[in-house]
Amino acid sequence: MAAVPESRVLTFSVFKWSSYSSTYLPENILVDKPNDQSSRWSSESNYPPQFLILKLERPAIVQSITFGKYEKTHVCNLKKFKVFGGMSEENMTELLSSGLKNDYNKETFTLKHKIDEQMFPCRFVKIVPLMSWGPSFNFSIWYIELHGIEDPDVVQPCLNWYSKYREQEAIRLCLKHFRQHNYTEAFESLQKKTRIALEHPMLTHLHDCLVLQGDFDACEELIDKAVRDGLFNQYISQQEYKPRWSQIIPKCNKGTSSQEISRDDMNSDGDDNRPGMRGGHQMVIDVQTETVYLFGGWDGTQDLADFWAYSVQENQWACISRDTEKENGPSARSCHKMCIDSQRRQIYTLGRYLDSSVRNSKSLKSDFYRYDINANTWTLLSEDTSADGGPKLVFDHQMCMDSEKHMIYTFGGRILTCNGSVEDSRTSEPQFSGLYAYHCQAGTWGLLREDSCNAGPEDVQSRIGHCMLFHTRNRCLYVFGGQRSKTYLNDFFSYDVDADHVEIISDGTKKDSGMVPMTGFTQRATIDPELNEIHVLSGLSKDKDKREENVRNSFWIYDIARNNWSCVYKNDQAVKENPSKTLQEEEPCPRFAHQLVYDEMHKVHYLFGGNPGKSCSPKMRLDDFWSLKLCRPSKEYLLRHCRYLIRKYRFEEKAQSEPLNALKYLQNDLSLTVDHTDPDETKEFQLLPTALFRSSSDFIPLGFSDVDQTYAQRTQLFDTLVNFFPDSMTPPKGNLVDLITL
């Protein structure tokens, strides 16, 4: 097979436009003049729809689009846009939905140019602006470049295939329509003439069993086989996560549950069973052994130096040390950071907060320790990292481990100084620490980036209380959020540790409200390199004035490949919706100064302690321990749900002709498929007997007036079940009648 020709710049003209203002003509996009502010197309308004339609010189496979920009950031840059393409201006397919960064760098986006791995051509490309970076500003496009293949030897076969594909899909829509309306002769005649399959044979068999024969038992068997063969996996992967919190009640050393011990006993000085209340502590997890390690923190009165290990398998805490300082380890501390090297079974800890009253030249030294899990020993790696080329004494920084290269990266944090309180900005301007790398084997530090207020393309702005995560597969650090003095930051960037390159993912300016995690709230983040996702738990605001009593936790997921945030849940209404359960029984209360770790192997988060921010009890700290699993519907759930749908319909059909048998069926067979712990399902189940008293005319589905009621309802059930199967197996999604416009 001949190699596909290389992508090249495609020639096009501006064919149509929605509007333009002043001298900002549509044809300006044909010339790249980044230093000329007038060299752009600008819409006359931001009222939709605004668009540009480009016409290619000849049909081509359009593989990518490049947007040129002005030499500075600009409020009219497109924050959101869509690109469509097709062989005619009236009939286009969506090729891209994305947005531009508000900077001066050109951006290139890959366009959809394949259907079922087959390339398709376009003659027209339509760009539709949806949102500008400045709210209520008109849209501007400075320069457009299209790349693709226009070689007729490649394009013509694709054009032939595309015409054939459209013809085939049109026939499949007709076949679907004929079968839905029971036009058997027309259906069979068209299928015989064209030899085009409407769907996978398995679904044809399902249609025969369900719609034509009413063999419901055979339907259930077929669905059961489909689930076992993994045919519902694609559907499952497209469903949103739902969080499932569980409070962990660990076993005590004596073999009893800590629930059996009184609260006074549990928090007495002699308690060997679990860590006490605290905030500002640190946790890491060894995913190989399923062990959570916890060290230090502040209990509301003093810093702590105890060191604990929690075994997930045994559901038990073990105290490794009551005071690590007595065992040549770190002194009592809070607001420090820890990271773990699971390969070498070593834990590192750096930094701490010191009250201004105890700060002096000796106490302000930044000590750095390593704990060997196997040997149960601490090693002082450095008495003062700043003397070794590393960071000064910092708190609220971030630290990540790169086990593969045996490196540690630390970024940000507030530098502690002798002069004045750390909160007193009048005494001295706050200082923040830069981005450092520590080579574990050589024992050497290197400064990668200094703190930069006026951040250039490769500079980073230091901060405290931010999130930093290391992606072990693409070998990038991801940094977002945090605070700098009284400013809450909302930017998001990555740092390629091998290429020494900063990539701004979002500059955080004029963010979409509700589209990204909110600033000013305590955020704890974890990363799953396998799923290519970042998870963020957003809790309580540290700012007392911004706290609201009804604020609840929210959980966000960032899809790295798609550059897309989604909020899994915001639990503002937990108590109102279920007053019989207190919020504390359902999920952890909002807090800050807590810790969250993630076992990416078993897909479980663990949360411990923190500060609930109660103004009436400022010294109060928490000691609750929770696990969080993000769940999608399981195969078992979908199988049960499909059985429920089939049996529910079977009951409704029986109710019309055999009410007594229908009632028995409801009690004996349908009841087995209902999740009686689910209030919504239970309520629906309890209302089903009303079907015994409904007239048959109540059942006729909309749009099926020309077929008998049974056939129409069975077809509707079939269409519902088909949604769980992969797209490659199913009939076309649309309906023929939907193409008719008024």
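Visitor: What share of the 742 residues in the chain is made up of buried residues?

Guide: In this predicted model, buried residues make up 51% of the 742 residues in the chain, where buried means a relative accessible area under 20%. The chain has 12 helices and 40 strands, and it exposes about 36,400 Å², of which carbon and sulfur atoms supply 48%.

Visitor: Why is arginine 475 called buried?

Guide: Its relative accessibility is 8%, and the cut-off for buried is under 20%, so arginine 475 counts as buried. Arginine 475 is placed in the loop between β28 and β29, and leaving aside its neighbours within four places in sequence, it is in contact with Asp402, Glu404, Lys405, Phe470, Tyr495, Asp496, Val497 and Asp498.

Visitor: What makes the pair of arginine 475 and aspartate 498 a polar contact?

Guide: The side chains of arginine 475 and aspartate 498 are joined at 2.7 Å, and a polar contact requires a pair of N or O atoms within 3.5 Å, one able to donate a hydrogen and the other to accept it; the value therefore meets the distance cut-off.

Visitor: How do you know that β28 and β29 are paired strands?

Guide: Two strands pair if at least two bridges are found between them, and β28 and β29 (residues 476-480) have 5 bridges, in the antiparallel sense, so the condition is met. Within this pairing, leucine 469 stands opposite tyrosine 478 in β29. The two strands form a hairpin with 4 residues between them, and arginine 475 in the turn has a positive phi of about 55°.

Visitor: What makes β28 and β33 edge strands of their sheet?

Guide: The open sheet has 4 strands in the order β28-β29-β32-β33, with antiparallel pairing. β28 (467-471) and β33 (501-506) each have a single partner strand, so one side of each is left without a neighbour in the sheet. Neighbouring strands of this sheet are turned by 20° against each other on average, direction ignored. At the other end of the order, 5 bridges join β32 (residues 492-496) to β33, and serine 494 has glutamate 503 in β33 as its bridge partner.

Visitor: Why is β28 described as largely enclosed by the rest of the structure?

Guide: 5 of the 5 residues of β28 are buried, so the strand is largely enclosed. Both of its faces are covered, with Cys467, Leu469 and His471 buried on one side and Met468 and Phe470 buried on the other. In a regular strand the side chains alternate between the two faces of the sheet.

Visitor: Why is serine 485 called partly exposed, whereas glutamate 290 is called buried?

Guide: Partly exposed lies between the cut-offs of 20% and 50%, and serine 485 has a relative accessible area of 43%, so it is partly exposed. Glutamate 290 has 12% relative accessibility and therefore counts as buried. Serine 485 lies in the loop between β30 (483-484) and β31 (487-488), and glutamate 290 in the loop between β14 (282-286) and β15 (291-298). Serine 485 has a positive phi of about 55° although it is not a glycine, and phi of glutamate 290 is near 55°.

Visitor: Which residues have the most contacts inside the largest nonpolar core?

Guide: They are Leu206, Leu210, Ile223, Phe232 and Phe725, in a core of 32 residues. The helix α4 gives the most to this core, with 7 residues.

Definitions and conventions
Residues numbered from 1 in each chain as written. Predicted model: local features only at pLDDT ≥ 70, side-chain atom pairs only at ≥ 80, totals over all residues. Heavy atoms only, no water. Axes fitted to C-alpha atoms, helices over the stretch in contact; angles between N-to-C directions. Buried < 20%, exposed > 50% of the residue type's maximum accessible area, 1.4 Å probe, protein only. Areas by Shrake-Rupley, 256 points an atom, 1.4 Å probe, with all protein chains shown as cover. Core = buried A, V, L, I, M, F, W, Y, C linked by side-chain atoms within 4.5 Å. Contact = heavy atoms within 4.5 Å.
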